[in-house]
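Student: Could you take me through one part of this model closely? I would like to follow the charged side chains around a helix, and then hear about the cysteines.

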Amino acid sequence: MISEVTDNIIPLKQILSTYCLHVYKELGESIKILQSNQDDHSKKKRFLEVLVTIRENFVRLFVLSKWAKSADDIYKLIKLFAHLRRLILEIGNVAHGMKFMGLSLIDAKLPNPDLRTAIEVVLKGRPQLKTYGFLQSKKLSSVLILRTIKEVNVILASRISMAKELPSLLRNYKVANGRITFHVSNFFETSLSIGDENENQLYMVYFHFNFGALDNKLMTMTTHLDEGTQNLLFKKANRALRVDFVPVEQTNEDDSETKLPGHKSLTESLQRLCRLLCKFSVGYKLYLLYRQLVTLKVNIWKSDLSPVYYPDKNKIILTYWNQRNLRKPTIEISVSDNDTLSFEWFKGGILQKADGIKLADKAGTISMESLLMQITYKHVKQIIDHIVLQFDELLLDRSKVITYYTNDSIVFSLTPTKSTIYSIDPLSGLGYFTNPSSNKMIEIEDLINIDPQSTTRNLLRIKLETQLYELSYTMNSTGWISNDIVTLSTAEMKRLSINTKLFNLMNSSFNDSSLLLYKLKFHRRKQWPGGWFLIVGVNGFSSKIQWWLSYIKSVMGQWSIQWFEEIHVSVADYDYSMLLDLSNMTTEKLVSNLLMEELRNNYNAKVFVVDNKDHDKVLLSLSSEIKKHLPAKGPLLVLDNHSLTAIPSCESTILISLDVSTLDVLKLFVLGKLTDLPSYRMFDSLTENYRTASFATFSSKENCLFFRTYQEISFPVHSSSLISTNLLGDSLHLIHQFTEMINLLSLTDQQAAIKALDVTLSKVKFEVGNEIYGKEHVSFLREGDSVSLVLSKTSPHRFCLPQMESMIQNRTKAMPLSTKINHLINYMQVTFSLVNFVNHLEKDLSSEVESNLQWTRFMYDINWFSLIYWSNAFQKPGKNQNLKLKRKVTLNIQIKNWTAVPTLVKTFININKEDLDSGGLESLEKIFKGENDNFNSKVKNCELRFLNVGIACTINFAHHILQELHHHIISELSPSSI
């Protein structure tokens with residue numbers, strides 16, 4: 001105890017108060033000095049010294065105030081410092097005193113020892129005194145010895161026979177050699193005899209144990225005590241044998257010889273001796289057993305065994321499996337009421353039955369190692385049985401997971417081709433896997449040992465992780481690419497059609513506990529579009545796997561399934577060939593779905609996929625000539641012709657066949673069948689020289705015509721959503737061209753004046769006209785989405801070609817291309833004579849007229865064009881002969897009441913009003929009024945009507961009327977008439 005320090009301790013408050021008064025006094029005196037008449041230099045020096053002193057002391061006080069915050073700690077240090085100083089002082093004083101004490105004992109030296117006597121003791125064991133052996137002892141004769149032993153035997157036998165009741169353990173005795181020897185099996189053997197002074201008093205003269213330790217076992221053997229222990233035992237035993245025995249608790253510590261009434265009976269003395277020796281023997285047995293346990297702990301059971309010996313309770317409490325994170329099992333070895341050893345086994349604080357396990361064998365040998373091994377093996381067996389029972393309660397068929405088990409191990413099926421052995425070490429109680437194949441198994445092994453109650457769940461987790469690892473490894477080797485970024489929430493997972501019957505569970509409901517042993521892995525092919533994944537559902541309860549093809553999209557930071565379809569695989573196991581087939585199957589389904597979504601969403605078409613069982617039936621319905629142009633395998637889609645293309649004379653169904661056998665390339669075929677063609681002219685036109693790489697037609701024996709498109713699509717297909725693909729764009733474009741081409745060819749059957757000369761998807765060439773009106777060739781060329789018109793060099797319609805092309809390419813009118821071309825061909829037939837006349841007007845002009853008269857054509861649109869005439873002639877000689885006379889006539893021709901029948905098409909011919917108002921064209925006004933007899937006589941056979949401002953007539957007679965008007969205008973504008 002460190003004493004308190006009270007000397008030289010002043011409170012900080014007192015220091016601050018005193019110093020404040022001191023500073024006030026110093027400053028007051030300094031002010032008075034400054035006001036005195038002393039030298040300024042000395043006054044300033046004095047004042048500066050005062051300020052410096054105050055500043056230094058202020059710093060010291062500041063430090064003291066900082067220390068005051070830790071005053072308790074500093075006070076402890078001060079006390080410790082003072083205490084150490086005091087100790088140093090005291091130790092120094094003691095050393096100084098011892099020095100003076102040594103100096104004072106110089107005069108008190110002992111005399112030198114007797115060296116001769118000391119040498120005799122060392123050499124002979126005793127001093128060689130002259131009086132040694134002076135009185136010689138009388139030797140005992142053998143007769144006396146034998147007679148004395150015989151008398152002692154008689155006395156002992158009579159004493160034992162007079163005992164009322166011997167203890168049960170001491171009934172095996174023998175009287176011989178002057179002593180009575182008691183033999184207690186597995187305990188001890190002791191001999192008693194009598195002394196000279198009192199025949200009634202027995203004394204212990206010999207003792208040894210009938211057991212001992214050998215090879216770390218407690219077995220039957222003779223074990224002697226060391227001299228000290230034997231003397232102490234003899235003393236306690238002889239006290240217990242005294243006929244005037246007084247119990248220890250009744251004796252007075254100050255007077256141990258006090259005589260109190262005690263037990264006088266020999267029986268009671270022997271009972272006391274028996275209890276003493278039995279307790280001593282059993283205690284020594286416990287000690288030897290504890291020594292065995294300590295040896296085991298040092299050797300093979302290191303850190304797994306904790307023996308504790310309680311001598312006062314005659315008990316050993318042994319705790320084993322210290323590394324397990326559960327309540328430690330214990331074995332209690334104690335002494336029973338009949339002074340025998342017994343044990344009890346506790347597990348989790350509950351007493352366990354140890355049937356068939358005994359502490360000692362038939363020979364009485366006790367081996368703690370054997371006992372431990374028996375109990376730990378039984379404990380291991382109980383754990384294994386409990387694990388198997390949990391699997392029986394959890395699974396419908398436990399044999400699919402646990403294929404075999406023994407008392408200490410379980411053969412656990414991880415995959416259909418791989419198993420592992422889970423065992424429990426009897427020494428440590430820890431579970432382990434025989435030859436773990438991955439770091440994951442080692443990690444889960446540690447989890448099992450940390451929480452043994454979760455053994456079943458973690459074993460199933462190993463099955464799950466092993467299946468995931470092997471599946472991912474096999475899929476990666478077959479070209480599948482794993483994706484660890486996509487994760488689905490529990491709600492999204494439950495949207496999948498998870499088949500809980502595959503789990504092999506007693507309770508097939510998909511709850512949170514089964515969700516912990518269920519994982520989804522996401523894989524894709526390199527050529528797949530973004531967002532498409534093969535979802536693999538793996539569970540830890542069985543080796544069965546579910547597959548889904550899905551389209552997954554990130555919505556608001558969460559992955560969401562937009563579309564999915566379960567993939568049913570015929571084989572339960574997965575291998576290299578199965579995963580390759582799965583790649584083709586899923587790619588086919590992916591492309592089929594993209595095509596279906598594209599047709600339904602973009603074109604509102606009716607389409608469905610042909611089942612695998614109907615696939616061969618559909619192909620058998622086709623002829624061998626057609627089948628060789630289609631893939632033998634691959635998905636088939638059936639498309640309703642009328643909901644998409646509306647191909648004339650085509651059956652209602654169109655087949656779409658896919659071939660994904662070539663890596664990174666999708667081959668797409670579209671097959672249709674044409675029946676009920678209008679005529680053989682069209683059939684011949686469609687089959688002659690009409691086979692290309694992307695489109696072809698084939699005839700069959702039934703006089704039917706098949707068409708087939710072929711398209712190669714490079715993977716991956718880039719799409720931002722499920723419906724944004726355009727896989728069928730090229731094929732539908734070809735079909736659209738084919739449809740337009742059929743519609744164009746149908747014109748040849750509708751009109752005899754139209755004949756197909758050359759037919760391809762990009763070009764159709766017709767011969768239009770007849771012998772009466774005239775013939776000309778017209779071709780329609782397709783370049784992408786646009787259609788251009790090509791006329792022959794001799795065609796009279798070349799001057800109106802731009803207007804005719806605009807008629808075809810006019811997108812404001814929602815009508816099919818074939819209808820526009822039909823109108824165009826009708827236009828060409830109907831206007832052939834009129835346009836042909838306009839093209840030949842130049843031949844009617846003489847050289848004289850051509851030099852003074854000019855004219856031109858101007859097309860406003862397809863139904864309105866004008867002939868413009870103008871004259872630049874000099875006036876007759878006379879005044880102002882250098883002035884030119886300019887005259888212009890614009891003749892307008894408009895086609896009205898448009899129809900394919902020429903007699904119904906009306907033509908309106910007139911002259912611009914401003915030309916008539918300029919004067920000099922009175923003759924033309926009379927013609928339009930019907931007052932020109934000459935003109936009337938020339939067109940009297942024409943069907944016309946005078947309208948005062950123009951002439952209306954059918955288009956058949958328009959060129960005759962224009963011819964007459966042309967001659968009349970030329971004559972009016974010629975120089976001779978000016």
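Tutor: What follows starts with salt bridges and ends with cysteines. Keep in mind that this is a predicted model.

Start with the total. The whole structure holds twelve salt bridges. Three of them are worth a walk-through, among them two that involve helix α10.

Take E470 and K418. Their side chains meet in a salt bridge, with 3.6 Å from N to O. That falls inside the 4 Å cut-off for such a pair. Now place the two partners. E470 sits in helix α10, which covers residues 455-477. K418 sits in strand β13, residues 418-424. The two are 52 residues apart, and the pair links distant parts of the chain. How exposed is K418? Its relative accessibility is 24%, so K418 counts as partly exposed.

Stay on helix α10 and move to E465. This residue forms a salt bridge with K519. Here the closest N and O atoms are 2.9 Å apart. E465 lies in helix α10, while K519 lies in strand β16, residues 518-524. The pair therefore ties together parts that are 54 residues apart in sequence. Are the two partners buried or exposed? E465 has 14% relative accessibility, so E465 counts as buried. The cut-off for buried is under 20%. K519 has a relative accessible area of 33% and is partly exposed.

Now look at a pair within one helix. R495 forms a salt bridge with E492, and their closest N and O atoms are 3.1 Å apart. Both belong to helix α11, residues 490-495. They are three residues apart, so about one helical turn separates them. R495 is partly exposed, at 40% relative accessible area. E492 is buried, at 13%.

Next, the cysteines. A disulfide is a covalent bond between the sulfur atoms of two cysteines. How many disulfides does the whole structure contain? A search finds zero. C953 is one cysteine to check: it is in no disulfide. The nearest cysteine sulfur belongs to C942 and is 7.4 Å away. Why does that pair not count? A disulfide needs the two sulfur atoms within 2.5 Å, so 7.4 Å is too far. C953 is also buried, with a relative accessible area of 3%. C20 counts as exposed because its relative accessibility is 51%, and the cut-off for exposed is over 50%.

To recap, E470 pairs with K418, E465 pairs with K519, and R495 pairs with E492. C953 stays unpaired.

Note on methods: Residues numbered from 1 in each chain as written. Predicted model: local features only at pLDDT ≥ 70, side-chain atom pairs only at ≥ 80, totals over all residues. Heavy atoms only, no water. Buried < 20%, exposed > 50% of the residue type's maximum accessible area, 1.4 Å probe, protein only. Helix = DSSP H or I, 4+ residues; strand = E, 2+ residues; numbered from the N terminus.
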